[in-house]
Amino acid sequence: MIGLTNATVRFGARTVLDGLSFAAPKGRSIAILGPNGRGKTTALRAMLGFQPLHGGTRTAPAIVGYVPQYASSNQSYGVLDVVVMGRAAGLGLFGQPRPTDMAKARAALDRVGAARFAGERFDRLSGGERQLVLLARALATGSDVLVLDEPGSALDLHNQQRLLALLDELRRPRDRAIIFTTHDPNHALAAADDALLMMPDGPALFGPVSETVVPDHLERLYGVPMRLVQLLGADGSAHRAVLPAFAGMRAA
Ligand SMILES: Nc1ncnc2c1ncn2[C@@H]1O[C@H](COP(=O)(O)OP(=O)(O)OP(=O)(O)O)[C@@H](O)[C@H]1O
């Protein structure tokens with residue numbers, strides 16, 4: 001279980017989180033949506049203990065698989081070394097990675113489709129490639145709690161599809177808690193059970209995606225008219241998608 005209870009965070013005179021409560025118990029996957037600067041990253045950092053709270057409490061296990069929003073690096077670590085760092089908590093202060101740690105790191109790279117980068121330098125990868133490697137590092141922790149800050153923001157459509165399939169696959173056994181932030185409501189529809197909508201002008205909305213990721217709430221969230229469309233999957237199953245009214249398209 002990971003979450004916040006009545007959490008308040010201020011930066012100077014500005015209150016960014018004001019009594020925010022939500023939680024991901026084991027077996028649930030939560031998407032956090034909200035406009036730029038609304039406090040999504042701050043909420044994740046507060047949950048993980050990187051951001052002090054002015055009020056309220058946080059709940060988190062000792063080891064969390066975390067993918068930060070930015071994957072910059074000045075250091076010339078190899079990709080495999082970066083992923084093996086996910087095993088560090090189990091190695092102790094001066095512990096060396098064991099063959100089993102290396103095998104878990106390689107398996108994690110394989111799972112995110114980044115095995116071909118194993119021998120590269122992390123700082124020479126593209127932004128999207130780094131994002132995949134950091135996702136592998138989070139998986140390599142073996143933690144049953146994953147916290148991913150915009151894990152798809154730098155990914156091309158193929159890798160977004162791969163990420164969403166992986167997030168969906170990871171939640172299916174119902175033995176993990178997963179929290180991810182995203183600017184695409186369709187990512188929430190594809191891979192989350194619940195959504196936290198951090199409204200621009202009031203308290204956050206939290207609940208099942210079927211009730212929260214709907215045009216009315218999204219219009220309030222982003223100030224953009226939205227349309228709900230029903231799609232048929234390749235196997236004939238029904239899916240919902242939401243589209244913003246870009247390019248002059250009007251909400252139905
Ligand atoms: N350490 C800090 N000191 C001062 N202000 C901060 C600090 N960290 C974040 N903020 C401010 O808090 C607000 C929320 O930032 P945060 O990064 O949590 O937003 P976000 O919802 O994740 O945004 P985005 O969608 O653009 O990534 C922003 O206005 C930001 O400038």
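In the predicted model, helix α3 buries K104, A105, A108 and L109. Viewed down the axis of α3, these buried residues fall within an arc of 140°, and they therefore line one face of the helix. An α-helix has 3.6 residues a turn, so residues three or four places apart point the same way. The opposite face of α3, turned away from the buried side, carries the exposed residues P99, T100 and A103. Cover for the buried residues of α3 is provided by elements including α2 (79–84) and α4 (127–140).

Helix α3 comprises 13 residues (residues 99–111), for which a rise of 1.5 Å a residue predicts a span of 18 Å; the end C-alpha atoms are 18 Å apart, in agreement with this expectation. Just after α3, G113 adopts a positive phi of about 80°.

The protein chain as a whole contains eight helices and eleven strands. Its radius of gyration is 19 Å, which agrees with the value near 18 Å expected of a compact globule of 252 residues. Along the principal axes, the C-alpha atoms fill a box of roughly 55 × 50 × 35 Å. Buried residues account for 37% of the 252 residues. Of the contacts between residues at least 6 apart in sequence, 62% join residues at least 24 apart.

The ligand is surrounded by F11, V16, G34, N36, G37, R38, G39, K40, T41 and T42. This shell consists of two nonpolar, six polar and two charged residues. Helix α1 (residues 40–48) makes the greatest contribution to the shell around the ligand, with three residues.

Conventions:
Residues numbered from 1 in each chain as written. Predicted model: local features only at pLDDT ≥ 70, side-chain atom pairs only at ≥ 80, totals over all residues. Helix = DSSP H or I, 4+ residues; strand = E, 2+ residues; numbered from the N terminus. Rg over C-alpha atoms; globule rule 2.2 N^0.38 Å. Buried ≥ 20, exposed ≤ 12 C-beta atoms within 10 Å, placed from the backbone. Contact = placed C-beta atoms within 7 Å. Near = placed C-beta within 6 Å. Nonpolar A, V, L, I, M, F, W, Y, C, P; charged D, E, K, R; others polar. Expected span 1.5 Å × (residues − 1). Arc of directions from axis to C-beta.
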